[in-house]
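Trainee: Could we go through this structure one question at a time? I would like the reasoning as well as the result.

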Amino acid sequence: MALVFDIETVGEQWDALDETTQHNLSRWIKESVRDEEEYEQEMKQLGNGLGFSPLTGFIVAVGVYDTEKEKGAVYFSAPGAKLKESEKDGISYKPMREKEMLEQFWKVAAVCTEFVSFNGRSFDAPFLTIRSMVYGVKPTKDLLSNRYLSLQRGCAHIDLMDQLTFYGAARFRKSLHLFCRALGIESPKASGTTGDDVATLYKEKKYLDIARYNAGDLRATAALYKRWQETFR
């Protein structure tokens with residue numbers, strides 16, 4: 001079966017970082033900005049971007065979707081909330097801690113031979129791998145061994161961003177939303193929620209909203225994968 005996977009992440013609070021880490025992350029800003037206003041803008045952008053690195057961020061949702069059964073699950077963080085496991089439209093929503101999310105993901109991955117993502121080679125797979133290392137969780141599949149499908153061994157990781165830009169040869173602007181829009185696929189961004197909103201939703205304790213947004217990404221990626229299969233396989 002082909003397993004679609006996607007994650008949502010949130011950064012640590014800037015003020016909670018130690019001084020050495022803050023200096024390490026921000027010293028280039030002081031050396032390159034022209035004035036105080038530009039410095040403040042760059043610092044704000046830096047703080048908002050901490051969730052893009054597994055060294056300064058953490059996973060708040062991991063989604064998996066079986067393209068054959070058309071069923072999936074989203075494992076999501078909900079600290080302090082009394083949420084129970086639920087199910088809607090073929091997607092199970094399961095609250096758990098980050099370490100448990102990683103353990104569950106690799107347990108599911110162990111029985112799969114084909115993985116599908118959108119930009120997963122650059123973001124999702126490295127993030128999952130490094131955060132697993134943080135907790136001492138051993139990955140069960142190598143999702144990063146080779147970028148090119150013809151050279152992959154053991155399991156295939158089809159990164160649709162790679163495939164649909166022909167490994168970077170196409171230089172047009174690309175995103176999951178733009179591909180979905182062009183191909184008539186319902187975009188998870190159509191509701192107005194984007195990945196940039198996840199940190200705010202997490203701060204507001206809207207954990208299930210994050211999980212549902214992740215489920216939308218899963219379905220959109222699965223639909224895009226189907227169109228890719230019909231065209232190129």
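**Charges, cysteines and a helix residue**

Mentor: We start with Glu 204, which has a relative accessible area of 44% and therefore counts as partly exposed. Keep in mind that the model is a predicted one.

Trainee: Which residue forms a salt bridge with Glu 204?

Mentor: The closest N and O atoms of the pair are 3.3 Å apart, and the cut-off for a salt bridge is 4 Å. The partner is partly exposed, because its relative accessible area is 38%. The residue is Lys 206.

Trainee: How many salt bridges are there by this rule?

Mentor: Side chains of opposite charge can pair when their charged atoms come close. One such pair is Glu 38 with Arg 34, at 3.0 Å from N to O. By the rule, the count of salt bridges is six.

Trainee: Is Arg 34 buried or exposed?

Mentor: Exposed means over 50% relative accessible area, and buried means under 20%. Its salt-bridge partner Glu 38 has 18% and so counts as buried. Arg 34 has 74%, so Arg 34 is exposed.

Trainee: Arg 131 and Glu 98 also meet in a salt bridge; how many residues apart are they?

Mentor: Their side chains come to 2.9 Å, N to O. The pair links distant parts of the chain, with Arg 131 in helix H4 (residues 120-135) and Glu 98 in helix H3 (residues 98-109). Both residues are buried. The separation along the chain is 33 residues.

Trainee: Which residues form the negative surface patch with Asp 35?

Mentor: Asp 35 sits in the loop between helix H1 (19-32) and helix H2 (36-48). With 41% relative accessibility, Asp 35 is partly exposed, so it passes the patch cut-off of over 30%. The other members of the patch are Glu 36, Glu 37 and Glu 40.

Trainee: How many disulfides does the rule give?

Mentor: A disulfide needs two cysteine sulfur atoms within 2.5 Å. The sulfur of Cys 155 has its closest cysteine sulfur in Cys 112, 9.3 Å away, which is too far for a bond. Cys 155 is itself buried, at 8% relative accessible area. The count of disulfides is zero.

Trainee: What distance separates the C-alpha atoms of Ala 215 and Pro 188?

Mentor: Ala 215 belongs to helix H8 (residues 207-232). Its relative accessible area is 0%, so Ala 215 is buried. Pro 188 is 27 residues from Ala 215 along the chain, and the C-alpha separation is 8.3 Å.

Terms used: Residues are numbered from 1 along each chain as its sequence is written. This is a predicted model: local features need pLDDT of at least 70, side-chain atom pairs count only at pLDDT 80 or more; totals for chains, interfaces and linings use all residues. Side-chain values use heavy atoms; hydrogens and water are left out. Patches are made of residues with over 30% relative accessible area and no salt bridge: like charges are joined within 9 Å, nonpolar side chains (Val, Leu, Ile, Met, Phe, Trp, Tyr) within 5 Å. Accessible areas come from the Shrake-Rupley method with a 1.4 Å probe; for residues, only the protein chains shown count as cover. Lys and Arg count as positive and Asp and Glu as negative; His and the chain ends are not counted. The place of a charge is taken as NZ of Lys, CZ of Arg, CG of Asp or CD of Glu. Helices (H or I, at least four residues) and strands (E, at least two) are DSSP runs, numbered from the N terminus. Buried means under 20% relative accessible area, exposed over 50%, partly exposed in between (1.4 Å probe, protein chains only).
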